[in-house]
Amino acid sequence: MSRSLSRDRWSDQGDPALARRLARMWVIFAILSWGIAGLTSVAWWVAQVGDYQNNFRGFNADDAFPWIFVILCVVAGVSCLPIARTQRARARHLAEGS
């Protein structure tokens with residue numbers, strides 16, 4: 001039974017170049033997520049070291065570390081990597097088949 005491309009579960013539509021770009025996109029998502037976690041950690045640290053008070057745009061010196069947000073960003077980045085690896089493997093598979 002043949003499946004049409006519109007019902008294919010992959011969004012690369014059988015194109016190896018598109019599959020590579022999608023893999024790259026997932027890696028970029030992971031890096032951005034880790035960057036946001038790092039930026040949040042550094043912003044909190046700067047507020048603690050600088051003894052910021054009444055900082056309406058960021059953290060104050062007495063604020064607790066934003067563990068939940070940082071952990072969620074790190075987990076989101078880690079969860080993107082298996083998707084990127086699978087997509088890259090599919091790109092290699094499609095390139096060999098073409």
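**Surface patches, ring pairs and loop residues in a predicted model**

Asp51 is exposed, with a relative accessible area of 51%; exposed denotes over 50%, buried under 20%, and partly exposed the range in between, with a 1.4 Å probe and protein chains only. The structure is a predicted model, in which local features need pLDDT of at least 70 and side-chain atom pairs count only at pLDDT 80 or more, while totals for chains, interfaces and linings use all residues. Residues are numbered from 1 along each chain as its sequence is written, and side-chain values use heavy atoms, with hydrogens and water left out.

Asp51 is placed in the loop between helix 1 and helix 2; helices are DSSP runs of H or I with at least four residues, numbered from the N terminus. The phi angle of Asp51 is near 55°, a positive value in a residue other than glycine. Asn54 also lies in the loop between helix 1 and helix 2, and its phi is likewise positive, near 55°. Asn54 counts as exposed, at 71% relative accessibility.

Two patches were identified on the surface. Patches consist of residues with over 30% relative accessible area and no salt bridge, where like charges are joined within 9 Å and nonpolar side chains (Val, Leu, Ile, Met, Phe, Trp, Tyr) within 5 Å. A salt bridge is a side-chain nitrogen of Lys or Arg within 4 Å of a carboxyl oxygen of Asp or Glu. Accessible areas come from the Shrake-Rupley method with a 1.4 Å probe, and for residues only the protein chains shown count as cover.

The nonpolar patch is formed by Val27, Ile31, Trp34, Val74, Val78 and Leu81, which together have about 470 Å² of accessible area. At least two residues of this patch come from each of helix 1 (16-49) and helix 2 (67-97). Ile31 is one of the residues in helix 1.

The patch of positive charge gathers Arg20, Arg21, Arg24, Arg88 and Arg92. Helix 1 and helix 2 are the elements that give two or more residues to the positive patch, and helix 1 provides the largest share, three residues. Lys and Arg count as positive here and Asp and Glu as negative, with His and the chain ends not counted; the place of a charge is taken as NZ of Lys, CZ of Arg, CG of Asp or CD of Glu. Arg20, in helix 1, is partly exposed at 32% relative accessibility.

Buried residues occur in both helices. Pro16 belongs to helix 1 and is buried, with a relative accessible area of 17%. Its C-alpha atom is separated by 9.0 Å from that of Arg88, 72 residues apart along the chain. Arg90, in helix 2, is also buried, at 16%. The C-alpha atoms of Arg90 and Asp15 are 9.7 Å apart, with their positions 75 residues apart along the chain.

Three aromatic pairs were counted. Rings of Phe, Tyr and Trp (its six-membered ring) pair if their centres lie within 6.5 Å, and planes under 30 degrees apart count as stacked, over 60 as edge-to-face and the rest as tilted. The ring centres of Trp26 and Phe29 are 5.5 Å apart and their planes stand at 85°, so this pair is edge-to-face. Both residues lie in helix 1, three residues apart, about one turn of the helix. Trp26 is partly exposed at 24%, and Phe29 is partly exposed at 38%. Ring pairs also link Trp44, Phe65 and Trp67 into a cluster.
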